[in-house]
Structure formats: C-alpha cells, structure tokens
Amino acid sequence: MEGIPEAVREILARLEGAGYEAWCVGGAVRDLLLGREPGDWDVAASAPPEAVLALFAPRALPTGLRHGTVTVKTSGGAGVEVTTYRRDGAYLDNRHPDHVEFTSSLAEDLSRRDFTVNAIALDRRGNLSDPFGGREDLSRRVLRAVGRAEDRFGEDALRILRCLRFASRLGFAIDPDTAGALRSRAHLLRRIAPERIQAELTGLLCGDNVLDVLLDYPDVLGVFLPEILPCVGFDQRSVYHCYNVWEHTARAAAAVRPEPVLRYTMLLHDLGKPDAFTLGEDGRGHFYGHWRRSAEKAADILDRLRFDSRSRRTILTLVERHDCQLLLSEKAVRRSLARYGEETLRLLLEVKRADNLAQAEAYRDRQGLIGRWEELLDRVLAQDSCFSLRQLAVKGNDLTELGLSGPAVGRALHTLLELVIEEELPNDRGSLLKYGKENLL
Ligand code: ATP
Ligand code: MG
C-alpha cells in the first residue's frame, strides 16, 4: 500500500523476516486512511522487546521496556516505536495499568486501544486488521470507545481529554454512548497529572473544530478549569456583544491562529467578566477592569497546568492588554514597542482581531482600526526610530564618564529613552549628554 514510509516498511520487513508479525498501528494508520499527513509511526509486533533490541541493534533504544516499547532510529526521520503486542493489567489509579503482559494476539493488543479509529492495524502488504469497525467510524467521522466506554474512561481518565482533542483536531462527532460516558466519568480528570492535561488541552485548543468542542463540553473542561463555569450562559447585556461570555470565548478562540499562546489567551481573556459585571442605570452591562481579574485567574490556571515561564508571561501580557485602546500615533506605537516588543505586539493585534470577530456584527469596523495601527507599527519599525535602549544614541559607559555609577546608570538611560520616545529630546548623542549633564547628575 502507498503511504507507509520506506524506513517503516523496512522495519516491518525485518521483523517478518525473523518470523514475527508486525503491523503499523495507531494515529498514523488513522491519518493515512483519512488522507491526512501521518505524524509519528508506531509498530506493534509479536516479537518480545529483547528480540526487537537485538534485531535492530545498534539503532534500537530501550525507551519503554517495561511496556514493551523499543524505539528504532531511522536515518533522518524521527524514531519508530516498536511495541510488543500487549494486554493491560488492572488500572488502579485511573491512569496507568499496574502491569502489562505481552501477548501473541494482535486483536488483543488492538482491544486495549482507546478509540475504534485508533485501533486499526495495517501491514506492509496493505492488509488491514480492524476488529472494532474503525474504518466505518472513520467514514462516519465518529469517535467511539473500544469496548464499554464507561469502563475505558474509568481505567484511564486521560482518554476523556484525548477524545475531545481528537474531536477538535479531526472534526469528528463523538458517539452518544461515548459522549455520555465521558461526561459521567469527567470527575476522574482530577486525578490526572497537570502536565498531561496541559498537553491534551493544547492539542484540543489548536484543533480546527475547537468551537464545537468548547461549546459542547464546558462541563468536562470545568472539572480542571472551574473558572470557565460562571462564564457559561453569562448574558453580557452589552451592545458590543451578541454572544454570552462562554460562546464569545469559544468563538474568539476559533477565530485566532492555531498557535498555543494565542489560543490559550483567547480561552482565558474574559474569565474575569462574571466577577467584574455591573449593571448601568441604562440597563447595560459593564465589565470595568475585567482584564485584571482575567489575568489573575489566568495566572492561577497557567501555574496549575505547569506552564513554562516564557509562554506564561506572554499569555498574561496578552490577557491583560486584550482590551487596551489603540491610539493612532507614532508616539503611542513607540511607547508600546518599548513596553512589549514587536513580537508580543503583533500577537496582541491578532488577539484583538479575534476578540472583535467574536463580538456583535455592528462593531466589526474595529478591524479597520487594528489594520491602521498595524500599518503604523510597520512604518515606525521601517523608520528605525528609537524605542529601546539598544537604539539609544548614548550607552551606559557614556553616563559613567559623566560620573554616574551603579543603578543610577540604568535609571538615567531609561529616563533618556522615555524622553526620546515622548519626542522631548532628539535621539542624538550631543543632546542626550547635554541633558544628562544638566539634569541627571
Ligand atoms: P497523534 O496523532 O496525536 O499522535 P495517536 O492516536 O497516534 O494520535 P498516540 O498518543 O501517539 O496517539 O498513541 C498511539 C496509539 O496508542 C493510539 O492511536 C492508541 O491506539 C494508543 N493509545 C495511546 N494512548 C492511549 C490511551 N491512553 N489509552 C488507550 N490507547 C492509547
Ligand atoms: Mg501518534
């Protein structure tokens, strides 16, 4: 069959040549049948791990021997995981089997897999083994648990989030039985490690079908993100908005580029709204300062999910600034550049566009303002004007020569930068040194 890469084919052939069965399994087979670009290739084989190690030495690494997994490095490409057919022992912690046993049956190996579309095997001649109707579910575009859904989610609660991630990424519906079980078992997500939750949630947020998943399953996400629950159905009573807070959030997330920092920003940007809500005398809703409350909640969530500090910082800046005014002046642009840097500012513009696209139709003209601000940003950058210490015409040692020392040097540089940005001083060495001598010593 077309589609299995040569390196993987070779691995299958060598295993078969040694008298074992070997099949491609998992996401790559699913994606291949769907006509999508497969990601990592996984192989399931009847060979015990020691035999796999011996057969592929020296390019075999014992990456998960306890679970029967050996990674075979291929020239150029990522490694291929070769896993011995296995059946899982009892699940005692709602996540991991207490032990695994090797088996000689492919069907048994496929039966431990999570969803029917992930439980299809393909050999190097193009034969398919599909004991749970995975192909039919692929053609119906449905995610269905292998076996009894309640049991499968009870064994390993991470499958609940995997299911939502696949729904978002593939645009598949979730079979009603599987969906019901996923809801009734959702509380078990509390037992899953935050790092695992983060990884699945990132995949979910970056999927094409994120809108439907966020709209349909806030109760499930609310198990580990209780902050979203007050947003669900929260009527904004505002002319700017035609959607309740949660629906606006979901639409804003779907409207932004599928890049984790941006998708998380949209997920979090309005969490503070229910707390900040006030009703004006005119009967209109207001959310003064909601960005501050959103940023507090966002910080809490990002810490809980163990975010890296760089993404955390950028997301919090974007959440805090998502509602800021864009002043159409070069001075304002330089000020923003000085504060946030170009990269974050461009992200902020994407956030503002998406936020606005999820507001009432009548206010879409703000897209124009955002576009004009972006043109101004391009112009300021092209002028090579001064908005950072790097571009300032004097350096720290100039000020040391004037007699400043220690932290006073940094303070003086920042004062000068601010004056240049505000156009109160030109960015030339002579003027800056003169000002420094007269005012900063
Ligand atoms: P992706 O394209 O995102 O890699 P995938 O389906 O390949 O999706 P992996 O996590 O790479 O997912 O796992 C490979 C295969 O292993 C899955 O297709 C599935 O058959 C099985 N699997 C992975 N995790 C689980 C789990 N928690 N429970 C049951 N089966 C699982
Ligand atoms: Mg995979």
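Two domains contribute to the shell around ligand 1 in this predicted model. Domain 1 (1-139) and domain 2 (141-220) each provide at least three of the shell residues. In total, 14 residues surround the ligand, and the closest of these are Arg30, Asn118, Asp156, Arg159 and Arg165.

A look at the secondary structure helps to place this shell. Helix H2 (27-34) and helix H7 (158-170) each supply at least two of the residues around ligand 1. The largest share belongs to H7, with five residues. By character, the shell is made up of ten charged residues, three polar ones and one nonpolar residue.

Several contacts can be followed down to individual atoms. On the side of the ligand's nitrogen atoms, one nitrogen lies 2.8 Å from an N or O atom in the side chain of Asp156, and the side chain of Arg159 has an N or O atom 2.7 Å from a nitrogen atom of ligand 1. An oxygen atom of the ligand takes part as well, at 2.8 Å from an N or O atom in the side chain of Arg165. Taken on its own, ligand 1 has 590 Å² of accessible area, and the protein covers 76% of it.

Finally, the site can be viewed from the side of the protein. The space that ligand 1 takes up is the largest pocket.

Key. Residues numbered from 1 in each chain as written. Chains lettered and ligands numbered in written order. Predicted model: local features only at pLDDT ≥ 70, side-chain atom pairs only at ≥ 80, totals over all residues. Heavy atoms only, no water. Near = heavy atom within 4 Å. Polar contact = N/O pair within 3.5 Å; in protein donor to acceptor, adjacent residues only side chain to side chain. Areas by Shrake-Rupley, 256 points an atom, 1.4 Å probe, with all protein chains shown as cover. 1 Å grid on protein atoms, 1.4 Å probe; cavity = no way out; pocket = protein on both sides within 12 Å on 5 of 7 lines; lining within 4 Å. Sits in = over half its atoms within 2 Å of the grid points. Helix = DSSP H or I, 4+ residues; strand = E, 2+ residues; numbered from the N terminus. Nonpolar A, V, L, I, M, F, W, Y, C, P; charged D, E, K, R; others polar. Domains from an automatic or database assignment.
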